[in-house]
Amino acid sequence: KSILAPTFGLGLEENVSRHFRWEVKASDWAMPHRSVIGDLEADVAFRYNHFELLAGGKYFHYKTSPQGEQYIKGTIYGPTVSLRYYFKKQ
C-alpha cells in the first residue's frame, strides 16, 4: 500500500550565536476521509570549526484512506543525533 500526496511545509531556524542554532521543520497533507501524511523535525546544533553536532527528534505519521480495501495507519518517532562537516570556502 502506498500514499501519493503533495505535502506543504514550513521551516524556522534561528542562529543564536556563531556556534549554536536551532531549527524546526514540518510538512503535511490531509483531507477529510482520505489519506494523511505528516512529519516534524526539531534540532539544536552546536558548531565547532567545520563540524556541527545536531541533536533533536523526528516524528512521522501516516494513514491510508479509510474507504480503501486496506486501512493502515502508523506513527514513528524518536530521537536523532547527527554530525555534519562543512567544507572550507575557496
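Reader: Before we get to the bridge partner of lysine 58, what do strands need in order to pair?
Author: Two strands pair if DSSP finds at least two bridges between them, and I should add at once that this is a predicted model.

Reader: Fine, so which residue in E5 is the bridge partner of lysine 58?
Author: That partner is glycine 78 in E5, while glutamate 41 stands opposite lysine 58 as well.

Reader: And how many bridges join E3 to E4?
Author: Strand E3, residues 36-48, is joined by 13 bridges to strand E4, residues 51-63, and the two run antiparallel; elsewhere in E4, alanine 55 has valine 44 opposite it.

Reader: Over how many bridges do E4 and E5 pair?
Author: E4 pairs with strand E5, residues 73-85, over 13 bridges, in the antiparallel sense.

Reader: Switching to the hairpin of E3 and E4, which residue takes a positive phi?
Author: Asparagine 49 does, with a phi near 55°, in a hairpin that has two residues between its strands.

Reader: Zooming out, in what order do the strands of the sheet come?
Author: The open sheet consists of five strands in the order E1-E2-E3-E4-E5, with antiparallel pairing. Its edges are strand E1 (8-15) and E5, each of which pairs on one side only.

Reader: By how many degrees are neighbouring strands turned against each other?
Author: On average, neighbouring strands of this sheet are turned by 10° against each other, with direction ignored.

Notes. Residues numbered from 1 in each chain as written. Predicted model: local features only at pLDDT ≥ 70, side-chain atom pairs only at ≥ 80, totals over all residues. Heavy atoms only, no water. Helix = DSSP H or I, 4+ residues; strand = E, 2+ residues; numbered from the N terminus. Axes fitted to C-alpha atoms, helices over the stretch in contact; angles between N-to-C directions.
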